[in-house]
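Grab a pencil and open the viewer. Below are a few exercises, each with a worked solution that you can follow step by step.

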Amino acid sequence: MTLKIKGTNEGFKTEALIEEYLNNKKIVDLKKSNLKRFIYSICKENHIEIKKETKIKVKNFDKKKFKINGSPKTDKVFKISNTEFNISIKTGEGGSFHQEPESTFIEFLKKETEINDEKILFLKKFLRNESIKIKNSSLAKFFHKRRLVLINRVFSGRFDEPPVNYYFFCPKIKKEDSKEIKTNKIEKGKYLKKSLLIELVNNNQSRGACPVGLLTFQAYNRKRGTDIQFKWGTCYHDIK
């Protein structure tokens, strides 16, 4: 069976490789690896008995079903014993965890926080002007104070979509890596339940100019415009 890959970058290819590795496989027959431990962890946590014939099925998340006009948080859906789990797969380094237009982000801030007009004006100037530095600004301090609200935004998204249940992190996968090397890397992936991931991110701090826990807030791809972005450059290494 040839998998339909929804994109050309290494992230999409890695998602397809994980699907190929797991889909329709008997769980007990999977090679001993972190990826197999991840499946066993899901089953244990959700009281799913793994029998000799228990298989795992993997499919793409159907964003059309939920009328999502953008990138959903879920990448793949794992199905084990008729129970489905939404999985977000992260690869590489310097990864973006969330981006959105300035307009929806400001609307969110006004609704969910006590942000004032002065900070909103600073945000608008920062997104458009490279000479405006956010480090140690009143906005950066405000984001640090209200980081849990922002972190929940990052991991829940701006669309009304089903929540991610688990996150799976792979080591950096390079375009020139052979399939064998890529497979070896996904076998070394690390995993966390969403609630524990939010706790980890909230209780630690990045070294970026505007830390929001382990996340860093910035203009989208550091280019000046009207989109915002949250990145976590060391996610694989930060997961123990």
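**Exercise 1. Walk across the sheet from S1 and list how the strands pair.**

Step 1. Start with S1 and S2, which pair antiparallel over 2 bridges. Pairing here requires at least two bridges found by DSSP between two strands, and the strands (E, at least two residues) and helices (H or I, at least four) are DSSP runs numbered from the N terminus. Look for Lys26, which sits opposite Lys55 in S2.

Before going on, a word on the model: it is predicted, so to speak of a local feature pLDDT must be at least 70, side-chain atom pairs count only at pLDDT 80 or more, and totals for chains, interfaces and linings use all residues. Residues are numbered from 1 along each chain as its sequence is written, and side-chain values use heavy atoms, with hydrogens and water left out.

Step 2. Move on to S2 (residues 55-60) and S3, an antiparallel pair with 5 bridges. Asn60 has Lys76 as its bridge partner in S3.

Step 3. From S3 to S4 there are 5 bridges, and the two strands run antiparallel. This time Lys76 is bridged to Ile87 in S4.

Step 4. Now the sense switches to parallel: S4 and S6 pair that way over 4 bridges. Ile87 finds its S6 partner in Tyr166.

Step 5. Finish with S6 and S7 (residues 190-193), which are antiparallel with 4 bridges. Phe169 is matched with Lys190 in S7.

Step 6. Put it together: the 6 strands make an open sheet with mixed pairing, in the order S1-S2-S3-S4-S6-S7. S1 (25-26) and S7 are the edge strands with a single partner each, so one side of each has no neighbour in the sheet.

**Exercise 2. Work out which way the side chains of S6 point, and how covered S3 is.**

Step 1. Recall the general pattern: side chains in a regular strand alternate between the two faces of the sheet.

Step 2. Check S6 (residues 166-169): Tyr166 and Phe168 point one way, Tyr167 and Phe169 the other, and all are buried. Buried stands for under 20% relative accessible area, exposed for over 50%, and partly exposed for anything in between (1.4 Å probe, protein chains only).

Step 3. Turn to S3 (residues 76-80), where 4 of the 5 residues are buried.

**Exercise 3. Compare the settings of Ser81 and Ile89.**

Step 1. Find Ser81 in the loop between S3 and S4. The hairpin of these strands has 2 residues between them, and Ser81 takes a positive phi near 50°.

Step 2. Ser81 counts as partly exposed because its relative accessibility is 41%. Beyond its neighbours within four places in sequence, Ser81 is in contact (heavy atoms within 4.5 Å) with Ile48, Glu49 and Thr54.

Step 3. Ile89 belongs to S4 (residues 83-90). With a relative accessible area of 6%, Ile89 is buried. Apart from residues up to four places away in sequence, Ile89 touches Glu15, Ile18, Asp75, Lys76 and Phe168.

**Exercise 4. Which residues surround Glu100?**

Step 1. Locate Glu100 in S5 (residues 95-101). Glu100 counts as buried because its relative accessibility is 2%.

Step 2. Follow its side chain to two polar contacts: one with the side chain of Thr104 at 2.5 Å, and one with the side chain of Arg153 at 3.0 Å. A polar contact is a pair of N or O atoms within 3.5 Å; within protein, one must be able to donate a hydrogen and the other to accept it, and residues adjacent in sequence count only if both atoms are side-chain atoms.

Step 3. Setting aside neighbours within four places in sequence, the contacts of Glu100 are Phe105, Arg153, Arg158, Thr226, Asp227 and Ile228.

**Exercise 5. Find the buried face of H4 and what packs there.**

Step 1. Pick out the buried residues of H4: Lys119, Ile120, Leu123, Phe126 and Leu127. Down the axis of H4 they fall within an arc of 120°, so they line one face of the helix; the arc is that of the directions from the helix axis to the C-beta atoms.

Step 2. These buried residues pack against H3 (102-112), H5 (138-145), S9 (215-219) and S10 (227-232).

Step 3. Flip to the face turned away from the buried side, where you'll meet exposed Asp117 and Glu118.

Step 4. End at the N-terminal cap of H4, Asn116, which has a side-chain oxygen 3.2 Å from the backbone nitrogen of Glu118.
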